[in-house]
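Trainee: I've got a model open and I'd like to talk it through with you. Can we start with one helix and work outwards?

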Amino acid sequence: MSDETASSPSLSPAKKKQSLGWMEWMRGWSSVFGEILFQRITASHLENPLPLPSVNDLTCVVTGSTSGIGRETARQLAEAGAHVVMAVRNTKAAQELIQQWQNEWSGKGLPLNIEAMEVDLLSLDSVVRFADAWNARLGPLHVLINNAGVFAMGEAQKFSEDGYEQHMQVNHLAPALLSVLLLPSLIRGSPSRIINVNSVMHCVGFVDPDDMNVVSGRRKYSSLIGYSSSKLAQIMFSSILFKKLPLETGVSVVCLSPGVVLTNVARDLPRFLQALYAIIPYFIFSPQEGCRSSLFSATDPQIPEYWETLKTDDWPVCPFISQDCRPANPSEEAHNTETAHRVWEKTLELVGLPLDAVEKLIEGENIHRRYGEQHE
C-alpha cells in the first residue's frame, strides 16, 4: 500500500466538527432561557426610554425600520436630533410613518430630519444599489444599524432570488455586504459604527462554512437551525471585520442582543408559543425596551474606547453588548477563530466580493462586485 493511501493516525486529517457538543448545546440553551427569565431583572437599572447623548451631528442608517425594534430605534434617534435614513423594503409604509412622526413631533422642536430609501435584503442586487446610491452622496455615515431580520419559525426552507437560504441571506449575507460596501462612507464619518442587532439564539447556533444554506443533508433543516446559524455567522464575520479594520479608520463593529422582544417575529411563531407570549408578558420586552441596546451601542461615547481596548488586547471576537447595555461574551463557538475565518471567506464568495475587498476600500480603490451594476 502506498504512503498516500496508508492509514496512519499521525497523517489522518482532524475530524471535521459537525455540530455543537452536548455541553455547548446545554450551555447555549441555558443562556437563552436565562435571558428570557431574567432580562427584566438584569436590565432593571435602565430607563425607558433610554436617554440619549447629543446626536445632532450623526447620520444613521437603520434597516428594517418600519416595525418593531427598528421602528423605535429610528424614531428615537430622529427625535434626539440625528439625520435618520430608514432603509426599508416598503418605502410607502416608511413615508407614512415619517408623516405620522412629524405630526406628533410638531411644536416640540425642529422638524425631524428623516428620510426613506429602498433596500430589499432578499436581493443582493438591491443591497448593492442602495450602497451605491448612498456612497454617491459623498457624505459621511456615522452609524449603520443592521436591524432587519427574519425568523420564519416553523416554516419550510425557503430561498432568496439569489439562491440562498432566507435566514442566512437576510440576517447575515445582506448585512455583511451592506457593511463592507458602505465602508467608504463610514470612513468619511469616522469615528463611526457598524451595529449588528444579533440574538442570544446565536448561543445554540452552529455554522458549517461548506454548507451555509443547510442543503447538503448533513444536518436536517429547521427554521431554528436557519435562524441560530445565521446569527452565529454574523458574529463570526463581524469578528474578522473587527480585526481587519485598522484603528486609524475609526470604524467600530459591535454586535448586540436586544433581549426577547415582542415584535412581528411573533407572527411566525407556532400558536402555542404565541399563547405563551400573551400569558407571560412580564418576561417579554416591548420594542421600546428592546431597542435600548441598539441605541446604547449606536450612541454611547464609551463604545469606541471599548472597541479599541479589545483590539489592543487582540480579543478574538468583536464587542458584544447584552440586552442590559453591558458588555457580554458571545458563545464558545463564536470564539472559534478557524471557523470564523472560513465563514469570512465563504461570505465574501457568496455575496460576490473579492477577499481583499475591505483592504481595497480602505485604500479608496474600486472593487469588482458580482451583484449590482459593475464599476471598474
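Mentor: Sure, and keep in mind that this is a predicted model, where local features need pLDDT of at least 70, side-chain atom pairs count only at pLDDT 80 or more, and totals for chains, interfaces and linings use all residues. Residues are numbered from 1 along each chain as its sequence is written, and side-chain values use heavy atoms, with hydrogens and water left out.

Trainee: At the start of α3, which residue's side-chain oxygen reaches the backbone nitrogen of lysine 92?

Mentor: Look just where α3 begins, with helices taken as DSSP runs of H or I, at least four residues, numbered from the N terminus. The two atoms there come to within 3.2 Å, and the side-chain oxygen belongs to asparagine 90.

Trainee: Which residues of α3 are buried?

Mentor: Buried means under 20% relative accessible area, exposed over 50% and partly exposed in between, using a 1.4 Å probe and protein chains only. On the other side of α3, Lys92 and Asn103 are exposed. The buried ones are Ala94, Leu97, Ile98, Trp101, Gln102 and Trp105.

Trainee: Within what arc do the buried residues of α3 fall, seen down its axis?

Mentor: An α-helix has 3.6 residues a turn, so residues three or four places apart point the same way. The arc is taken from the directions from the helix axis to the C-beta atoms. In α3 the buried residues line one face, because they fall within an arc of 135°.

Trainee: What covers the buried residues of α3?

Mentor: Strands are DSSP runs of E, at least two residues, numbered from the N terminus. One strand involved is β2, which is largely enclosed by the rest of the structure, since six of its six residues are buried. The cover for α3 includes α2 (68–79), β2 (83–88) and β3 (114–118).

Trainee: In β2, what is the bridge partner of valine 62?

Mentor: Two strands pair if DSSP finds at least two bridges between them. Here β1 (residues 59–63) runs parallel to β2 over five bridges. The partner of valine 62 is methionine 86.

Trainee: Where does pLDDT stay under 50?

Mentor: pLDDT is the predictor's confidence in each residue, from 0 to 100, and the protein chain averages 91, with 90% of the residues scoring at least 70. Where pLDDT is low, the predicted coordinates should not be read in detail. The stretch under 50 is residues 1–13.

Technical notes: Contact = heavy atoms within 4.5 Å. Polar contact = N/O pair within 3.5 Å; in protein donor to acceptor, adjacent residues only side chain to side chain.
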